[in-house]
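Q: Please take a close look at one part of this model, then place it among a few other local details. I would like contacts, burial and backbone geometry treated together.

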Amino acid sequence: MYNLIIFGAPGVGKGTQAKLISEKLNLAHFSTGDILRKEVEEQTELGLKAKEIIERGELVPDEIMIGIVRKALKNIKDKDGFILDGFPRTLPQAVALSELFDELNIRPVKIIYLEVNEDELVNRLIKRGRTDDTPEIIKKRFNIYIQTTSKILDYYKYKYDLFEINGVGGIDDINQSIFTMLTG
Ligand code: AMP
């Protein structure tokens, strides 16, 4: 069983790596960004609410996000664990997630922390070209990461196994580093 959180700044490659790892290890891959974009596309009530927030580069309220993840984790079937990608992003999300892990008896939990410098990140995001990838919005999302999301690391460092991985390099090399670290 693998109970994983992939953590890092916007554009660090969390989604790409989470997809590869989930395929290799038969894990449920929960990308909260993808879940929200699907809601937007389907124009659900949540999607309509989330659309503007995403386009502004801001965070969707914790309560909504915690509800999404709670539902996802409770409904895993025929998988050998999960990987969370894009969640948690705030301290209240991190605390709620820990409580959920306790409630659902999920352990051990491992955190994959992908590190890349800021210039490299901005270049990657501009190339990706999503509608929320304009220079101004990228900057906003990056600031939220520095001011809010990165603080979770201090909270998690002592709670779970945290693995730091250098996120600069080829996709396959980075994937190999993660895989070696997880299975070694
Ligand atoms: P991502 O694909 O992870 O970059 O997420 C895209 C956007 O979805 C973010 O900029 C936020 O607006 C929203 N979002 C995704 N995950 C979360 C989360 N855990 N908490 C709040 N907002 C989120």
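A: A polar contact is a pair of N or O atoms within 3.5 Å; within protein, one atom must be able to donate a hydrogen and the other to accept it. Keep that cut-off in mind for what follows. The model is predicted.

Start at D133. This residue sits in the loop between α6 and α7. Is D133 buried or exposed? Its relative accessible area is 5%. Buried means under 20%, so D133 counts as buried. The side chain of D133 has a partner there: a polar contact of 3.2 Å joins it to the side chain of R141. That distance is within the 3.5 Å limit.

What else does D133 touch? Setting aside residues up to four places away in sequence, D133 touches L125, R128, I138 and R141. L125 and R128 belong to α6. I138 and R141 belong to α7. The loop residue therefore touches both helices, and it is buried.

Now take the helices themselves. α6 covers residues 118-128, and α7 covers residues 135-147. Their axes come within 11 Å of each other. They cross at roughly 135 degrees. Angles from 65 to 115 degrees count as roughly perpendicular, and those over 145 as roughly antiparallel. The α6 and α7 pair is therefore classed as oblique. The crossing of α6 past α7 is right-handed.

Which residues make the contact between α6 and α7? From α6 come E118, L121, V122, L125, I126 and R128. From α7 come I138, R141 and F142. By class, six of these contact residues are nonpolar and three are charged, with no polar ones. R141 is one of the α7 residues in this contact, and R141 is also the polar partner of D133.

A general point helps when reading the helix side of the contact. An α-helix has 3.6 residues a turn, so residues three or four places apart point the same way.

Both ends of α6 have a feature of their own. At the N-terminal end, N117 acts as a cap. A side-chain oxygen of N117 lies 3.2 Å from the backbone nitrogen of D119. Just after α6 comes G129, with a positive phi of about 70 degrees.

For comparison, look at another helix pair. α2 (residues 32-41) and α4 (residues 62-74) have axes that come within 11 Å and cross at roughly 105 degrees. α2 and α4 are therefore roughly perpendicular. T32, I35 and L36 of α2 meet M65, I68 and V69 of α4. This contact has five nonpolar residues, one polar and no charged.

A buried residue turns up within a helix too. N175 lies in α9, which spans residues 171-183. N175 is buried, with a relative accessible area of 5%. Apart from neighbours within four places in sequence, N175 is in contact with Q17, L20, I21 and K24.

Now the backbone outside the helices. Two residues that are not glycine have a positive phi of about 55 degrees: N26 and D78. N26 is in the loop between α1 and β2, where it is partly exposed at 30% relative accessible area. D78 is in the loop between α4 and β3, and at 74% relative accessibility it counts as exposed.

Cis peptide bonds also occur. One joins F87 and P88, with omega about 0 degrees. P88 lies in the loop between β3 and α5. Another runs from R107 to P108, with omega near -5 degrees. P108 lies in the loop between α5 and β4.

Finish with a strand residue. E164 is in β5, residues 161-166. At 53% relative accessibility, E164 counts as exposed. Leaving aside neighbours within four places in sequence, E164 is in contact with Y113 and E115.

Back to the opening site. D133 is buried in the loop between α6 and α7, and its side chain makes a polar contact with that of R141.

Technical notes:
Residues numbered from 1 in each chain as written. Predicted model: local features only at pLDDT ≥ 70, side-chain atom pairs only at ≥ 80, totals over all residues. Heavy atoms only, no water. Axes fitted to C-alpha atoms, helices over the stretch in contact; angles between N-to-C directions. Helix = DSSP H or I, 4+ residues; strand = E, 2+ residues; numbered from the N terminus. Parallel < 35°, antiparallel > 145°, perpendicular 65-115°, else oblique. Left-handed = near helix turned anticlockwise from the far one by under 90°. Contact = heavy atoms within 4.5 Å. Nonpolar A, V, L, I, M, F, W, Y, C, P; charged D, E, K, R; others polar. Buried < 20%, exposed > 50% of the residue type's maximum accessible area, 1.4 Å probe, protein only.
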